[in-house]
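Biologist: Could you walk me through this structure? I am new to it.

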Amino acid sequence: IMARIIISCYSLKIMIIFDFDGTIADTISLGIKIVNDHADKYKYNRLDRESNGHLSATKLIKRIEVNPLKLPYLMFLLRKKLGERASEIQIFPGIKDIFEELKTSGHKLGIITSNSTKNVSDFLKRNEIESYFSYIRTKVAIFGKKKALIKAKKILKTNFLYVGDEIRDIEACKKSNTPIVCVSWGLNSAQGLESHNPGLVANTPEQALSLIKNSIQKMQM
């Protein structure tokens, strides 16, 4: 009987998958600067974070009028430039406490991101947090997160919760039937996130941890 109870308790543990850029790593301001620095060369409009925080990635791309055929190269260029300026990228205050609390509670953690393997690995090592994660998927296409989430479910063979900072994350999670908690310190504003994911938007790490725990409890019921 005790063995069955132990197995049952273990099966209730949920894996929490985090986005990287704008959720764990403060890459957004630098990323927008890099994008804007190449606007003239690749003939698209500059991006203004403050006035466009409510827009999804699809609408942002339409707003800056970038040629869709140039997106893959621009993503490659962005990852490359972020890597060159890696020392400028900081971890968001309080996010490591979230990892510690969840790991202590017995949950496994992962990352799904469009950033490069090297950039993510170097950042995790520099901030001494690589040991927290047992699943990392990098270089996901800008609109490939739904596919990445579905693939992760097949590989991990478990239910999981996603934590991200973009409307794009919300859309991918809805299409892949994945619960999501949003954080407002990344690309999209709290208002923009709330309009797509009401009641599940955190403005502080403390709020994020609370929403994650509440979501986990609902998934375990």
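**Cavities and cysteines**

Biologist: How much space lies in the second largest cavity?

Modeller: This is a predicted model, where local features need pLDDT of at least 70, side-chain atom pairs count only at pLDDT 80 or more, and totals for linings use all residues. Residues are numbered from 1 along each chain, and side-chain values use heavy atoms, without hydrogens and water. For the second largest cavity (points on a 1 Å grid where a 1.4 Å probe fits but cannot get out), the volume filled by probe spheres is about 60 Å³.

Biologist: Which helix gives the most to the lining of that second largest cavity?

Modeller: Among its lining residues (an atom within 4 Å of a point) are Phe20, Leu82, Asn119, Asp122 and Arg126. Helix 6 and helix 8 (117–126) each supply at least two of the lining residues; helices are DSSP runs of H or I, at least four residues long. The top contributor, with four residues, is helix 8.

Biologist: And which helix gives the most to the lining of the largest cavity?

Modeller: The structure has three cavities of 30 Å³ or more, and the largest has a volume of about 660 Å³. Its lining counts 32 residues, with Val35, Met75, Leu78, Ile142 and Leu187 nearest the centre. Helix 2 (28–37), helix 5 (57–64) and helix 6 (71–84) each give two or more residues to that lining. With seven residues, the leader is helix 6.

Biologist: How many disulfides does the structure hold?

Modeller: Cys173, at 1% relative accessibility, is buried (under 20%), and Cys182 is buried too, at 0%. The sulfur of Cys182 has its closest cysteine sulfur in Cys173, 7.9 Å away, so the two are too far apart for a bond. A disulfide takes two cysteine sulfur atoms within 2.5 Å, and the number in this structure is zero.

Key: Buried means under 20% relative accessible area, exposed over 50%, partly exposed in between (1.4 Å probe, protein chains only). On a 1 Å grid over the protein atoms alone, a cavity is a set of points where a 1.4 Å probe fits but cannot get out, and a pocket is an open set with protein on both sides within 12 Å along at least five of seven lines; lining residues have an atom within 4 Å of a point.
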